[in-house]
Amino acid sequence: MVRKSTLVPIMWGLVCGCLGFALNLARISLGTGVDLLIGNIFSYLAFRVLGRRSGLVAVAISSLATIVIWHHPYAYIVWIAEYLFVTQRSKIATPARDVIFWSLIGAPALLLFYGLIMGMDLLSMLLLVLKQGANGVGNVVIAELLFFALFSWRLIRRSDNGPSSISLRESVVVLFFSLVLLPTVVALWTTSRGAYNRVSDEARQTTIRVLREAETNYNGLVERYFQNVRALTQAYIDGADSRQISAMAHTLNIGFTQFYVQLKPGHIVDVTGAARIEIQDERIADTFQYKTPVMRPLPSSSEGVRRFQWVVPFEINGRHGVTFTTVTAADIQRFLDVAVFVQPNSGLMVLDADGKVFASRRNTIKGLWEEKVAALASANELISPVRISTPVFGVPVMATEGESVLALASAPLRETNWRLVSVVSLESGVRALRRQQVFLLFQAIAILNLAALVAVSVSRTGRAISSDLINAIEKSTESGAVIFPRSITRFGETRDIAARLLSLHRKFLREKRELNRQRWRIEQIAAEPPLVIYAYEVNKEAGYRVANFQASPSREKVFGWTRDDVPNLGSWLDKIHPDDREAAIAKLVQTIEHDGRSINEYRVLKKNKEYAWVVDCAIVSETAENGFRDVIGFSMDITELKVMREKLVQAAKLSTLGEMAAGLAHEINQPLQAITFAAANLKNDIRKLPETETAQKIAQRVERIEHQIDRASEIISHVGLFGRATPIARELLSVDALLDAVAALARPLCLDAAIYFEVKRPDTDVFVSAQQVMVEQIIMNLISNARDAIADRKKAGDDTPGRVVLQMSATSSEVLLSVEDNGTGISAANMGRVFEPFFTTKAPGSGTGLGLSISFGIAMELGGTLNAVNISNGARFTLTLPRVQAPAGKV
């Protein structure tokens with residue numbers, strides 16, 4: 001898929017190409033087939049503003065006009081090559097590069113195309129090559145001037161492909177080229193147009209003069225013919241014989257070999273023949289009907305010679321009739337050949353009534369223009385002089401323009417309806433004008449080549465001066481003396497600039513040293529605390545484009561990530577916990593768009609694959625001129641602080657629970673004491689009864705009641721721990737014996753629920769310092785919760801057999817008692833709240849939410865911990881207690 005940043009320059013290139021194509025079609029004509037096309041200005045302007053690809057699209061479209069106008073593809077090929085050469089990266093100014101192109105590549109290529117391939121004459125070829133070079137350089141110079149103007153007036157915004165500044169050296173070169181080339185082109189245009197107009201005026205006058213003289217001669221010829229025909233007809237009527245009439249026709253120079261007279265219909269006599277014979281010919285028998293002279297077409301002869309019949313009616317001595325003779329193209333050609341008024345650079349054509357060329361005299365005029373002239377004359381479009389050329393694809397327009405003519409046609413001639421066409425060649429005038437144009441263009445090109453050499457020399461000198469200046473300043477110190485090379489001190493301006501730059505450079509060194517010192521202090525400060533300071537730039541209008549991301553080196557100390565691990569903002573956002581990422585990004589966007597500052601908490605992945613809680617504080621600056629806003633902030637690891645805060649909350653909850661438990665224990669002790677007294681009285685009453693089996697069973701049950709009363713009293717005293725600050729009494733406990741006691745209580749509980757109960761222990765017994773009832777209470781609470789979790793799973797439709805495992809393991813300093821089940825497990829949302837007082841996931845009436853919180857408090861009171869994790873098929877709760885050394889003899 002094409003990216004938007006690539007498509008936009010191409011679209012602008014299409015627009016510039018279409019504008020250039022239209023401007024090329026509206027060419028500036030210098031006359032004689034020489035045209036200036038300035039449409040490629042838009043192509044080079046697109047290159048300067050939008051980049052090389054955009055300009056290439058534009059020049060490929062605008063240069064198509066050369067094929068339309070000049071009827072060959074060679075100029076198109078050279079113009080594309082010119083663009084590719086000129087738009088290469090180079091330290092030479094663009095107009096100078098274009099002059100180099102035309103000198104080394106463009107001119108030889110055109111000489112090859114026009115000379116060897118198209119066979120153009122030397123003068124036209126030189127003119128065309130020089131004109132094309134000046135045209136190409138002119139396009140580049142005008143485009144550069146327009147670009148400088150638009151950039152200076154800030155009508156062009158800075159873009160990725162576009163310019164960021166203007167080279168002073170290139171500006172001077174462009175200005176110099178424009179001062180040389182543009183006046184030359186203007187002078188060439190005015191001179192050429194004036195000279196071409198003079199040539200056209202002279203040719204127009206010649207055309208009119210030739211046509212007028214031809215008409216005059218034609219009218220005289222017709223008048224003489226009529227007089228001679230009347231004399232011959234009079235002689236025939238008076239009785240002269242054929243020999244006398246032939247001699248008379250020869251004397252009168254009538255110009256025709258045969259002469260016929262018709263005095264009555266069907267009676268036609270050849271009066272010039274040896275014997276006067278009446279002719280019976282259907283082609284000439286109907287001539288008696290004509291009352292006015294007429295020129296009638298006859299079928300061509302067997303040799304293909306076109307013929308006409310000239311019929312002239314007469315009236316002599318009261319007798320009516322017609323005379324007629326046969327006229328061929330040779331007869332009319334003799335008339336044209338003896339016309340002394342037709343000059344070498346002019347011609348004369350005779351067109352019949354159908355507009356076909358009957359006879360012509362071309363003299364030295366070249367070109368294929370006769371058919372076009374005849375067509376225009378027949379359409380009455382030659383009533384004034386018209387320039388005519390016949391372009392042919394593959395033949396240079398300059399060649400056909402050099403063979404162009406001015407043509408002027410007469411009105412239909414009397415007596416015949418024929419037309420005379422006067423034609424004057426423009427070749428001699430065009431060649432003279434082209435020699436003048438070659439001279440002017442040669443001067444301009446010579447000056448441009450000299451300018452290019454000067455530009456290259458100035459460019460090298462400028463680079464040498466700037467390089468020497470930079471080297472001298474870089475070698476200078478804050479207070480040391482500097483000896484500048486001669487290239488700098490040669491000119492007063494460069495010497496003054498060097499002194500000023502040296503002063504600024506020394507000031508810069510002092511400020512740089514102070515800046516480095518301040519930077520070192522800031523880096524040391526930022527590297528020590530457990531936080532990461534960061535900064536970056538963001539452009540909202542460019543789709544939240546981020547640039548210049550930086551972070552303090554402490555990121556490796558805090559999170560373990562190096563600079564290569566987190567090179568940009570996107571990689572940092574990827575490290576945020578998936579559950580927190582969307583909210584964190586939304587908060588960041590809101591900060592950039594509205595707030596300007598924010599404080600946010602989320603989890604971040606550390607290098608050791610653990611997540612740490614961080615607090616992120618950011619502040620956003622106002623939008624700068626380039627569209628970017630600065631974002632500065634820090635991220636601090638608050639994992640320990642968050643854990644401590646959670647422990648404080650838990651401690652506060654447990655403290656509240658302890659106060660409640662103390663009051664509850666006090667209230668329960670009173671009915672418990674009453675039950676104790678009642679059990680004691682019942683036991684005494686049983687002793688007074690006879691010793692029967694029933695009495696023994698009742699006594700056993702009363703003993704169990706007393707045992708459970710004692711256990712309840714101990715539990716109540718344990719609950720009272722939450723309400724007092726005094727430490728509890730501890731005893732040395734065998735964990736092995738503790739597990740046996742718990743198993744005895746837990747097996748019936750699991751058996752009733754159809755749950756398999758298993759105890760896993762090592763072979764070696766270990767000891768802890770605690771109260772057995774407290775530890776039993778914790779473990780039994782965990783087993784009870786495991787039984788409920790398995791029951792919930794079975795209610796959901798999972799009939800997998802239930803299983804609870806009580807397992808003991810030990811290290812050198814700790815004893816771990818864990819309870820595992822294959823129940824429902826603990827959801828991620830509830831994992832952090834399982835030890836909160838009054839938090840429960842059981843249905844209302846099925847639990848108080850105090851079991852795990854009380855167990856957690858007892859574990860802390862015993863110096864241990866209680867935690868929960870999910871396993872593959874359930875949950876595991878682990879009670880950790882400090883291990884003590886075994887007494888002597890109990891290992």
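This passage describes the overall make-up of a predicted model, then one of its sheets, and then its aromatic contacts.

The chain comprises 891 residues, of which 42% count as buried, and its secondary structure consists of 24 helices and 24 strands. Among the contacts between residues with a separation of 6 or more, 62% link residues that lie 24 or more positions apart in the chain. The area exposed by the chain amounts to about 48,100 Å², and 57% of this area is supplied by carbon and sulfur atoms.

An open sheet of five strands is found in the order E9-E8-E12-E11-E10, and the pairing within it is antiparallel. Strand E9, which covers residues 357–361, and strand E10, which covers residues 386–388, occupy the edges of this sheet; each has a single partner strand, so one side of E9 and one side of E10 are left without a neighbour in the sheet. On average, and with direction ignored, neighbouring strands of the sheet are turned by 25° against each other. Strands of a sheet are paired through backbone hydrogen bonds, in either a parallel or an antiparallel manner. In the case of strand E11 (residues 405–409) and strand E12 (residues 419–425), the two run antiparallel and are joined by five bridges, and Val405 stands opposite Ser425 in E12. Helix H11, formed by residues 370–378, lies across strands E8, E9, E10, E11 and E12, and runs at about 55° to E8, the strand of residues 346–351.

A search of the whole structure for aromatic pairs returns eight of them. In one, the ring centres of Phe101 and Trp102 are 5.4 Å apart and the ring planes meet at 80°; because planes over 60 degrees apart count as edge-to-face, the pair is assigned to that class. Phe101 and Trp102 are both buried. Phe147 and Phe148 form another aromatic pair, with a centre-to-centre distance of 5.8 Å and an angle of 50° between the planes, and this pair is tilted. Phe147 is buried, as is Phe148. One aromatic cluster is formed by Tyr44, Phe47 and Tyr83. An aromatic ring also takes part in a contact with a charged group, in that the charged end of Lys575 sits over the ring of Trp561, at 4.7 Å from the centre of that ring.

Technical notes: Residues numbered from 1 in each chain as written. Predicted model: local features only at pLDDT ≥ 70, side-chain atom pairs only at ≥ 80, totals over all residues. Heavy atoms only, no water. Helix = DSSP H or I, 4+ residues; strand = E, 2+ residues; numbered from the N terminus. Buried < 20%, exposed > 50% of the residue type's maximum accessible area, 1.4 Å probe, protein only. Contact = heavy atoms within 4.5 Å. Areas by Shrake-Rupley, 256 points an atom, 1.4 Å probe, with all protein chains shown as cover. Phe/Tyr/Trp six-rings, centres within 6.5 Å; stacked < 30°, edge-to-face > 60°. Lys NZ or Arg CZ within 6 Å of the ring centre and 35° of its normal. Pairing = 2+ DSSP bridges. Axes fitted to C-alpha atoms, helices over the stretch in contact; angles between N-to-C directions.
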